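Dear colleague,

Please find below the structure that I am handing over to you. My findings follow it, and I would be grateful if you would read them with the structure open.

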Amino acid sequence: ALADGFGEWRVAGRSLLGETILGIGAKALEVESVGVINDGSDGQPAMVRVIGAPAPFPLLSSILPSVTFAPVHVVVDYVLAKDSNALEMRWRFFNKLRRDTEIPMALFGFLAGDGLDFYAQKVGFEIKTGGVGEIGWVGLVGDEISYGILARGDSTLKPLATYSGVWAVSCGTVPVPAAGEATLRYEIVVAGGSPEALARALRERRGDSEPSPLAGVVKDPAGAPVANARVHVASDDGSYVTMAKSDDQGRYAMGLAPGSYTLRVVSEGRAPAAAEAITMGPGPKTQDLTVPGRATLTFTVLDDKGQAIPAKLIFKPSKAPVALPASFGELRYPGGAARVVFHTGGKGSTTLPPGDYTITASRGFEYEIDKKTITVAAGDEKDLSFTLAHSVDTTGYMCGDFHIHAMWSPDSSD
């Protein structure tokens, strides 16, 4: 199960999890040896052991303060049981001195690949430096797959800082007795692509009982089910709780503790639905939700010779789009745009909330732009064509982007 979640390195797009750095202050583990303790063929959990010592690491040094500590020896065991969706990490520190010492700041550094967003309890996707206290788990959430980092035993987690797709998460201060050892235990848990799917997987790993079930169907104004709608939940005090997605039949489901909440649905090409208040008791509850209507636009982009070309289209409404809380993690386009489409050529399409729009089509500095102004109502279907004159002759010139990543990147979308 875990292998399916991480994916094989030869299969493009299967795994989104980037490097996981084991840090000690601004240093990282410099590996001295790696060995297979058990390959799992005997039915027991497979185990890989990594042995090393802290060494300077420039990436961590650029975002974290320098700390000093006594020399330690580090052993990390990676343990994977058969058919498990969780990889256990046992992180052991050995004190070489004959006096007690402590590791002032053990931490994880996570590199999120394209399509993964950092997520934490109560703050959702709005991760700010110093804005989150010690918590039991943190997550990296994608559209189809998510990863949770779960603290075990007395271990804790505290998000510290994010920078260019890198997330530093503190494991706290670790006291190590004289000539002894201390252990931190964590798990990387693989789950489906939503905060609620991740929370459910983590509850199962901890053995927690499921909270009261809330379920329903997301529909459009005509009563048709809406797939892949995102149902966000916030508590009365404004803190973020969870998000579940609707399936192909518009059905969503989640677990909520008794209390008062606000639900808000977001669906592609539609204005966000109005917030709905809900009170959960100890039993199950059903709540169907309705999203606003939308218009459909099809378009082509041609050059001045009538050939279809790739282009960027910016759809800017006359009224600013509804601003959602940053904790929802919804995509925000710059400049007040409702949507930006990178069109690869031929016939394209997109959906928009009703309203007045200025649409700008462009293709870099070689081409002129083309603008159109339209008004669309819910249910409209309109077809548009844009023409971009090729006004800069670049014959004899060649340009390219030679910074190409070989795997999912934390800081660009290639």
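How many aromatic pairs does the count come to? The count comes to ten aromatic pairs in this model, which is predicted. One of them joins Trp91 and Phe93, whose rings are tilted at 35° between the planes and lie 5.2 Å apart, centre to centre. Both Trp91 and Phe93 are buried. Ring pairs also build a cluster, whose members are Trp91, Phe93, Phe108, Phe110, Phe118, Trp167 and Tyr186.

Several of these names return in the nonpolar interior. The largest nonpolar core holds 41 residues, and those touching the most other members are Trp91, Phe93, Phe108, Ile149, Leu157 and Tyr186. The contacts of Ile149 may be followed one by one. Leaving aside residues up to four places away in sequence, Ile149 touches Phe108, Phe110, Gly136, Trp137, Val138, Leu140, Leu157, Tyr186, Glu187 and Ile188. A second core, separate from the largest one, has 19 residues, including Ala295, Val301, Tyr357 and Ala361. As a general point, nonpolar side chains in soluble globular proteins tend to be buried together.

I turn next to a pocket. The second largest pocket encloses about 440 Å³ of space. It is lined by 21 residues, of which Gln121, Ala199, Arg203, Val241 and Gly255 are the closest to its centre. Three elements each give two or more residues to this lining: helix H3 (195-206), strand S15 (240-245) and strand S16 (251-256). Which of the elements gives the most to the lining? That element is H3, with five residues. Sorted by class, the lining of the second largest pocket consists of ten nonpolar, six polar and five charged residues.

Finally, some values describe the protein chain as a whole. The chain has 414 residues, and 45% of them count as buried. Its secondary structure comprises three helices and 27 strands. Along the principal axes, the C-alpha atoms fill a box of roughly 80 × 65 × 45 Å. As for contacts between residues at least 6 apart in sequence, 64% join residues that are at least 24 apart.

When you first open the model, you may wish to begin with Trp91 and Phe93, which belong both to the ring cluster and to the largest nonpolar core. The second largest pocket can then be found from H3, S15 and S16.

With kind regards

How values were computed. Residues numbered from 1 in each chain as written. Predicted model: local features only at pLDDT ≥ 70, side-chain atom pairs only at ≥ 80, totals over all residues. Heavy atoms only, no water. 1 Å grid on protein atoms, 1.4 Å probe; cavity = no way out; pocket = protein on both sides within 12 Å on 5 of 7 lines; lining within 4 Å. Points joined across faces, edges and corners; volume = space filled by probe spheres on them. Helix = DSSP H or I, 4+ residues; strand = E, 2+ residues; numbered from the N terminus. Nonpolar A, V, L, I, M, F, W, Y, C, P; charged D, E, K, R; others polar. Core = buried A, V, L, I, M, F, W, Y, C linked by side-chain atoms within 4.5 Å. Buried < 20%, exposed > 50% of the residue type's maximum accessible area, 1.4 Å probe, protein only. Contact = heavy atoms within 4.5 Å. Phe/Tyr/Trp six-rings, centres within 6.5 Å; stacked < 30°, edge-to-face > 60°.
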